[in-house]
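User: Could you walk me through how to read a helix and a few backbone angles in a model like this one?

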Amino acid sequence: MSMRIRTSALTALTVAALAAGTVLTAPAAGAAPKAAVPKFLSASQLPPHPTSAWTAGPVTEGFPDGLGCVDTEGVLSYDYRHREFRTDLDTGAVQLTVVADTAALAKALAKHYDDLIRTCAERIERNDPDVRAEGRDYGSLPVEEGARVRGLHTETSWGATDISLLSVGRDGRTVTVVSWGQMGDFGDAPVGAFKKTTTTAVNKLY
């Protein structure tokens with residue numbers, strides 16, 4: 001479920017970047033050498049599904065529609081790339097990568113995305129009275145410049161219930177966001193396997 005930010009995400013990201021000693025400006029032409037293209041997860045590296053194999057879509061330019069909680073409002077116009085995954089049943093996943101101009105900008109962007117995920121349940125309930133939402137923090141992971149895993153459960157007034165796991169990780173100037181989701185609740189979430197997937201995603205970038 002994609003929710004639009006009603007607070008000034010640009011202000012928050014600017015403050016974070018300034019605190020890191022940088023300024024949010026548009027990338028200057030030729031300002032930095034072209035970096036290696038980040039690599040993506042393969043289908044076999046996602047949390048195993050008990051009855052259906054994962055299928056990986058192509059790596060695609062642009063921001064994915066099905067990421068949930070995270071969007072592009074108020075941030076720089078980066079070159080986004082993503083890959084979507086699915087099973088034959090009710091489970092889907094997506095990975096996003098973003099390469100910033102500097103490590104400081106990437107650090108600020110990673111914090112911004114994690115803040116959006118952390119506050120996602122509150123924003124969902126504020127914007128839709130028919131949905132109850134709860135978020136959980138599953139902690140940080142010691143991989144490259146770090147990653148964090150969170151969970152989100154939503155339940156509608158008519159009984160639909162969905163569980164998502166989301167993570168944000170960073171390797172230098174590159175930020176990756178991974179999302180997994182299906183029908184169910186927190187008891188259906190493969191937290192340990194998703195932490196392994198997140199660690200793999202960050203390690204695999206370069």
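Analyst: Happy to; we will take one helix and then two loop residues. Keep in mind that this is a predicted model.

User: How many residues does helix α4 have, and how far does it reach?

Analyst: A good start is to set the span of a helix against the one expected from its residue count. Helix α4 covers residues 191-204, which makes 14 residues, and reaches 20 Å from its first C-alpha to its last. That is close to the 20 Å expected at 1.5 Å a residue.

User: Which residues of α4 are buried?

Analyst: Here buried means under 20% relative accessible area. In α4 that applies to Val191, Phe194, Thr197, Thr198, Ala201 and Val202. Looking down the axis of α4, these buried residues fall within an arc of 130°, so they line one face of the helix. The face turned away from that side carries the exposed residues Gly192 and Lys196.

User: What covers the buried residues of α4?

Analyst: The cover includes strands β4 (92-99), β5 (131-141), β6 (147-156), β7 (161-171) and β8 (174-183).

User: Now the backbone angles. Where is cysteine 69 found, and is it buried or exposed?

Analyst: Cysteine 69 lies in the loop between β2 (60-61) and β3 (81-86). Its phi is positive, about 70°, although it is not a glycine. With 3% relative accessibility, cysteine 69 counts as buried.

User: And what is the phi of glutamate 144?

Analyst: Glutamate 144 has a positive phi of about 45°, and it is not a glycine either. This residue sits in the loop between β5 and β6. At 45% relative accessibility, glutamate 144 counts as partly exposed.

Notes:
Residues numbered from 1 in each chain as written. Predicted model: local features only at pLDDT ≥ 70, side-chain atom pairs only at ≥ 80, totals over all residues. Heavy atoms only, no water. Helix = DSSP H or I, 4+ residues; strand = E, 2+ residues; numbered from the N terminus. Buried < 20%, exposed > 50% of the residue type's maximum accessible area, 1.4 Å probe, protein only. Arc of directions from axis to C-beta. Contact = heavy atoms within 4.5 Å.
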